[in-house]
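Subject: The structure, and what turned up in it

Hi,

Here is the structure I promised to pass on. Have a look at it first, and then read on for what I found.

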Amino acid sequence: MQKLRFDAAHETKLFDVTWDQDRATRLEPVEFTKLLREQVPVLEFVQWEIKEVDLGGAETILPLNAQSTNQHFTHQAALLVLAADYTGGVALASLLTGWPVLGVHPVASRYSVSMWLLKVDIKFLRPSVADLTVTAKIDPDLHERIQKRFFEGKTVVETINIEFRNGDTPVAEATATYFARQSDKLRAEGISTERVNTLYQLKLTSSAEMIAGVRARETGKLFDDPYAYHMAGQHGIAIANRFCDRTPQLGGMVAARTRHLDDTLRNFVRAGGRQIVNVGVGWDMRAFRLDLPAGVKFYELDFPTTLEERRRRLAQQEVVDRPGITRIEAPIDLRTMSLADVLAGQIDLDQPIFLAWEGMSMYFSEEEVLTILKGMRPLLRHPDSLLWLDLVDREPVETPEHFPTPIQQFMRGMRVLGEPFTFGVDDAEEFLQSAGLRCLEAVRSDAYLSDKDDPVYSVYQFCVASRAAGPAEELPLTFQAARFDGAETGVGVPHFTLNGHVNEIGAPMRNGVDSLRNLTEYPRQPR
Ligand SMILES: C[S@@+](CC[C@H](N)C(=O)[O-])C[C@H]1O[C@@H](n2cnc3c(N)ncnc32)[C@H](O)[C@@H]1O
């Protein structure tokens, strides 16, 4: 079989596939059925399948079997609506040549279709007493208009006629109305809260909820987050379970990064730092769960609608600020606004600042990551200011097929779940340098998870950086290298990697710097 075009992470031009290529790959009935059944297990349960896909049309079968009938037909109505939904959806997807459907096909880049059934009217004529053939057909006169609107990035709202037959006998007729749009075009640019698309807001909220849900599963291992369960809510817990079933490494990855960031942050504060900026705060609860001294200020940045929902959940859970800790919300769209501009006048650049950018870099493009980092740089003016971020390796993101099966499965899992990793680095230190930053530490997540023998952990790392400075520049006082302690983390032989070299803890030299000596020689005071 040909390589599916939507499998290539770096592939952005999807429009230039021919109909025949598209039919043989993205729309191939057996593969398409498999993907839909994987995502919607009830389709598997009733053995629904796609028989044929044509341009603007689809034929599917809802077989008559023990699962799809109870002899008295009473639950057929619901199954007919289900079959109508997916048959009409396939017909509409066939017109959107080359574009993977979010939540169905593995999505490898920011280019995908968000599709949603808005409405369905169904008229039942008689009970189904045999395999049900379901056909959807979009009037050929409408094809060009639908395609033009979609490819221009506009909203498509289309009503499709669907018929149900037992052989030649009509069983039901339905009309189903769909919404379809390029996923990327759903988001509002900037921080206007007007007309934020419900689907896009749900996607943002879901990603924050999902991480909180994963923390709720992992709490008590490498960190404690007593708030995560309630912040995640029922939806967050459900999707975290779904993600962790599909990509079981996610739990360890989130636990390790939470711990590493907690440790780095605590050290920053211990050394006197008081200003913490959490970029893309989501449902992060560090301002509440870490025992930090009075005077610490948390700047919590996210889309305004996400911040609003965060506020609502905090109030609902009756979470109150810790005494002496101030939280300042700042709305931002990282794609279009500079962090330094957003915080100008609100933050003291003459005092150390800690920037936490957690769980986000892998979802942007390289160009966007570089622009975002550039926008962060002015905030790192003070020599003791630090940036924490997590990075994935480039090659497993772009060519997972060259890696061991667990990495392939993990990357595919994230693509199928609609949260594909789209950006990774070859060399963290070089990459950060290209953004005018100095990499102080790069720790692979497996350092915390040495009991879990899985290659996925080795392609995910946590970096601490400061502004780039002259070669003789001393390390920031707020950065405490080699703070890892096997006894504390329960890790056997932790190691750091920098420049691709693995250094076991306690090794005297790290990138030419004697990290252990630094620990003892530097006073734990702010400059
Ligand atoms: C995966 S969550 C991570 C949340 C948090 N950092 C954590 O680890 O718990 C990603 C967060 O980034 C926010 N986000 C995504 N794109 C953004 C953008 N362009 N500007 C600002 N925030 C964004 C989302 O609203 C969401 O809250």
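How many helices and strands are there in the chain? There are 17 helices and 15 strands. Please keep in mind that this is a predicted model. The chain has 527 residues, and 43% of them count as buried. Among contacts with a separation of 6 or more, 73% are between residues 24 or more positions apart.

**The seven-stranded sheet**

A good place to begin is the open sheet of seven strands, whose order is E9-E8-E7-E10-E11-E13-E12. The pairing in this sheet is mixed. Strand E9 (326–331) and strand E12 (437–444) are the edges; each has a single partner strand, so one side of each is left without a neighbour in the sheet. From one strand to the next, the twist averages 20°.

**Strand E7 and its partners**

Strand E7 covers residues 275–279, and I would zoom in there next. On one side, E7 is parallel to strand E10 (residues 353–357), with five bridges joining the two. Within this pair, Ile276 stands opposite Phe354, and Val277 stands opposite Leu355. E7 also pairs with strand E8 (residues 297–302), again in the parallel sense and over five bridges. There, Gln275 has Lys297 as its bridge partner.

Is E7 buried or exposed? The strand is mostly covered, with five of its five residues buried. That holds for both faces: Gln275, Val277 and Val279 lie on one side, with Ile276 and Asn278 on the other.

**The nonpolar cores**

Val277 comes up again here. The largest nonpolar core has 92 residues, and Val277 is one of those with the most contacts inside it, along with Phe354, Leu355, Ala356, Leu387, Trp388 and Cys463. Helix H8 (residues 249–270) gives the most to this core, with nine residues. Leaving aside residues up to four places away in sequence, Val277 touches Tyr299, Leu301, Leu343, Ile353, Phe354, Leu355, Ala356 and Leu379. There is also a second, separate core, which has 44 residues, including Leu35, Leu132, Val171 and Tyr178.

**The six-stranded sheet**

Six strands make up another open sheet, in the order E1-E2-E4-E5-E6-E3, and here the pairing is antiparallel. Strand E1 (49–54) and strand E3 (113–124) are the edge strands, and each pairs on one side only. The twist in this sheet averages 20° from one strand to the next. If you want one pair to look at, try strand E4 (residues 132–137) and strand E5 (residues 156–166), which run antiparallel and are joined by five bridges. Thr133 has Arg165 in E5 as its bridge partner.

**Around the ligand**

Which residues come nearest to the ligand? There are 18 residues around the ligand, and the nearest are Leu204, Ala208, Gly280, Gly282 and Leu334. Helix H6 (residues 198–218) gives the most to this shell, with four residues. By class, the shell is made up of eight nonpolar, five polar and five charged residues.

If you open the model with one residue in mind, I would pick Val277: it stands opposite Leu355 in E10, and it is among the residues with the most contacts inside the largest nonpolar core.

Happy browsing, and do write back with any questions!

Best wishes

Key
Residues are numbered from 1 along each chain as its sequence is written. This is a predicted model: local features need pLDDT of at least 70, side-chain atom pairs count only at pLDDT 80 or more; totals for chains, interfaces and linings use all residues. Two strands pair if DSSP finds at least two bridges between them. Axes are lines fitted to C-alpha atoms, for helices over the stretch in contact, and angles run from 0 to 180 degrees between N-to-C directions. A residue is near a molecule or strand if its C-beta atom, placed from the backbone, lies within 6 Å of it. Ala, Val, Leu, Ile, Met, Phe, Trp, Tyr, Cys and Pro count as nonpolar, Asp, Glu, Lys and Arg as charged, and the others, Gly among them, as polar. A nonpolar core is a set of buried Ala, Val, Leu, Ile, Met, Phe, Trp, Tyr and Cys residues joined through C-beta atoms within 7 Å. A residue is buried if 20 or more other C-beta atoms lie within 10 Å of its own, exposed if 12 or fewer, and partly exposed in between; C-beta atoms are placed from the backbone. Two residues are in contact if their C-beta atoms, placed from the backbone, lie within 7 Å.
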